[in-house]
Amino acid sequence: MNPKLAELIAETLDIPVASVTPELTRDEHPAWDSLNHLRLVTALEEEFGVQLSMDEIENTTTAAQLDALVGAAQTSG
Amino acid sequence: MSDDWRAAVDGAGDLAALKAVAGERAASGLSVREAERLARRLEALAPAPDLRVLYLGNHTLDLFARCVTGVALSRGVVVEGQVGPYDQHMQAVLDPAQGLADFDPHVVFLTLDLQRLLPVLPAGLAALSLKDRQGLVEEALGQVAAWVEAAKAATGATLLIGNFWRPRRPHLGLADAKLGMGEAELYATLNARLFRDWSSDPQVFVVDVDQALATTGRRAVHNARMAHLGKLAWAEAALPELAELLARHFASLVLPPKKCLVLDLDNTLWGGVLGEEGPDGIRIARGDPVGEAFRAFQQAIKAVQRRGFLLAACSKNNPEDVAEAFRLRSDMPLQWSDFAASRVNWEPKHDNLAAIATDLNIGTDSLVFIDDNPAECELVRQLMPEVRTVHLPRDPAEYAHLLLDLPELERMALTDEDLRKTEQYHEEAKREASRVEVGDMQAYLESLGTALTCWPATRAELTRVHQLFAKTNQFNVTTKRYKPAELERFMLSPDWHLEVVAARDRFGDLGIVGLFLLERRAQSVAVDSVILSCRAMGRGVETAMGNRIKAVAADWRPDGQLEAVFRPTRKNKPSADFFTAQGFAEAPLGDTSAPDDRHFRLAIGEAKPLPVTGITIDNGEREDEPQAG
């Protein structure tokens, strides 16, 4: 998992970076609510220069998916 | 955010430590994440808040509220925020059980997204008739007014209303300008009316949200995806500037106000060193770019003076040189008469600052000191940490903006007294001078020819009355800081008597200088508050007010007791002897809940008016409006 992404997730959700694993899931983590999800997207768009569509934002539910989106955007860019 | 700073926030063990860490970022500004981190830590420490703030609106405000808490803390204000349910601002004020009752906010902030308030706006505006478009203005203002009315019935809190922010572009594009009450005109009209409609209401303040968003940049603050996905009308980028705006309001509501701007002269008010370049060599002329920058700074200072601040000059110079410079350079925006006090000499600045504070009868903690010399600034910072010291940047082009940006110079409203303050201090200086000439106190007081007018306070005086309660530290027997809504209730209640005292003398009009508040109880009359501005102290107005208190008490409870409390603070020693001087006897109650309180009593039947020298008092109906000031 991209270490910078793990850091952003940890900071946005206010959790230790060690606890950010690819299995981390929106539904299961209380701090990962809809507002923090949007903030996370904003932060990673800024950090990695990517742009997610509204559907992508809505349908992304795990750290692994975010990691994949970031990775795909970076290799294509 | 740096790891060190973050660790310091998370490690702050108490409020003082957290305030100190937050304060480090007060000048540079906080990012949303930094502000949020502060807010989280503050929540964990759970100190008693200075202000409880309720946020209401028709868009998502949770993140904004946390951001405001962080920014306010960096200014030294502890805010406990609560966000009302989305789009239920009317319900929240109509049904106090929805939060107003339990939370009991000091401030309620309302912000409405006009496009949600008037769903016809985005697409349908052009389809409406001109009359219907104009009707939209009344519709939106009507909704705000209905909310204010309901809110006032439910709470005495200060009401902050955000104005309406314009979209990036009108939906009709360029043609909007030709529509007649198109979108641009609609927003401009609404906002102009909002300001005007609430300008004289002391409980309601319109917050210029539109301006704050424009300052950040409309491209950055409108994010359509966030609006659609999260009902976030303001993107994260918009929040720091908006939070700063609210934090300024909060600081001005609760922090002790600064009162005087102390200015260095060389390379502060003008370019160059007067002692070397002479009055013709200093740079302050029109046409000289550097001179123009200093002129802009002087004009900004002039504007701050009109906010009710006193100006003082503090400079290492020969006094004759400075006098000559102000005489010869009468083209400067600032004149020597603008300064209410000055110290031009070679003494250390911290001594001079203390002397200036003494001259003006204010505390050194009321001073804002501005100088270009880093060494002078550092010394004052170390020796007088209570003074707000501002070190000017290298480039005078930045001076004016820096001054107008200072949060310590904010006032939420101005009174006639504020607008005339410098004039009043010059009148005071003349009074002082004549005190020196006359020598004999009795003769001096008579020579002043003080005339007092007393009358029960009405709404017309509410702003000044509130200001006296909020700002008076020295002659204030209980230092109760009532809110405007509470003061309004005292004015209307038959069991309370709130009376104001205006003064004038042969040197000028001092305006409303004092007040007292009495409560009628079953067997007694309680003196709740007695307040006198320091400008009117020591000339017998105290006794005149004491006599009025006795007269009102005699009307109410001729056989009862007058009961009073003096509650000592760090600053109100000048009023400590008031009750004894008026013939009250100290009567300890053995009350352990407030051990510092001193209690006084006086049998109303035995209360006699005391003689006052050289003062005429008019306590009847006033024939005309009080003079400005």
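**Exercise 1. Work out how much space the second largest pocket of this predicted model holds, and what lines it.**

Start with the volume: the second largest pocket comes to about 900 Å³.

Next, go to the lining. It counts 37 residues, and the ones nearest the pocket's centre are Arg39(A), Ala43(A), Glu46(A), Arg33(B) and Glu236(B).

Now sort the lining by element. On chain A, helix H1 (3-13) and helix H2 (34-48) each give two or more residues; on chain B, helix H1 (3-11), H3, H4, H13 and helix H14 (239-254) do so. H2(A) makes the largest contribution, with 7 residues.

Finish with the classes: you should get 18 nonpolar, 4 polar and 15 charged residues for this lining.

**Exercise 2. Describe the interface of chain B and chain A: its contacts, its buried area and the residues that supply most of that area on chain B.**

Begin with the contacts, taking heavy atoms within 4.5 Å as the cut-off. That puts 17 residues of chain B against 15 residues of chain A.

Then take the area. About 1,500 Å² is buried between the two chains, and carbon and sulfur atoms give 53% of it. On the chain B side, look at Arg33(B), Arg225(B) and Leu229(B): they supply 47% of what chain B buries against chain A, more than any other three residues. Arg33(B) should ring a bell, as one of the residues nearest the centre of the pocket in Exercise 1.

**Exercise 3. Find the salt bridges and polar contacts across this interface, then say which parts of chain B touch chain A.**

Count the salt bridges: the rule finds 6 across the interface. For a worked case, take Glu45(A) and Arg225(B), whose closest N and O atoms sit 2.5 Å apart. The cut-off is 4 Å, so this pair makes the list.

Now count the polar contacts: 7 residue pairs between chain B and chain A, with both residues at pLDDT 80 or more.

For the elements, helix H3 (32-45), helix H4 (62-74) and helix H13 (224-230) of chain B each give two or more residues to the side touching chain A. By class, that side has 6 nonpolar, 2 polar and 9 charged residues.

**Exercise 4. How many cavities of 30 Å³ or more does the structure hold, and which residues line the largest cavity?**

There's 1 at that cut-off, and the largest cavity has about 30 Å³ of space.

Its lining is made up of Pro256(B), Pro257(B), Lys259(B), Asp365(B), Ser366(B), Asn473(B) and Lys571(B). Split by class, that's 2 nonpolar, 2 polar and 3 charged.

Technical notes
Residues numbered from 1 in each chain as written. Chains lettered and ligands numbered in written order. Predicted model: local features only at pLDDT ≥ 70, side-chain atom pairs only at ≥ 80, totals over all residues. Heavy atoms only, no water. Buried area = accessible area lost by both parts, 1.4 Å probe. Salt bridge = Lys/Arg side-chain N within 4 Å of Asp/Glu carboxyl O. Polar contact = N/O pair within 3.5 Å; in protein donor to acceptor, adjacent residues only side chain to side chain. Helix = DSSP H or I, 4+ residues; strand = E, 2+ residues; numbered from the N terminus. Nonpolar A, V, L, I, M, F, W, Y, C, P; charged D, E, K, R; others polar. 1 Å grid on protein atoms, 1.4 Å probe; cavity = no way out; pocket = protein on both sides within 12 Å on 5 of 7 lines; lining within 4 Å. Points joined across faces, edges and corners; volume = space filled by probe spheres on them.
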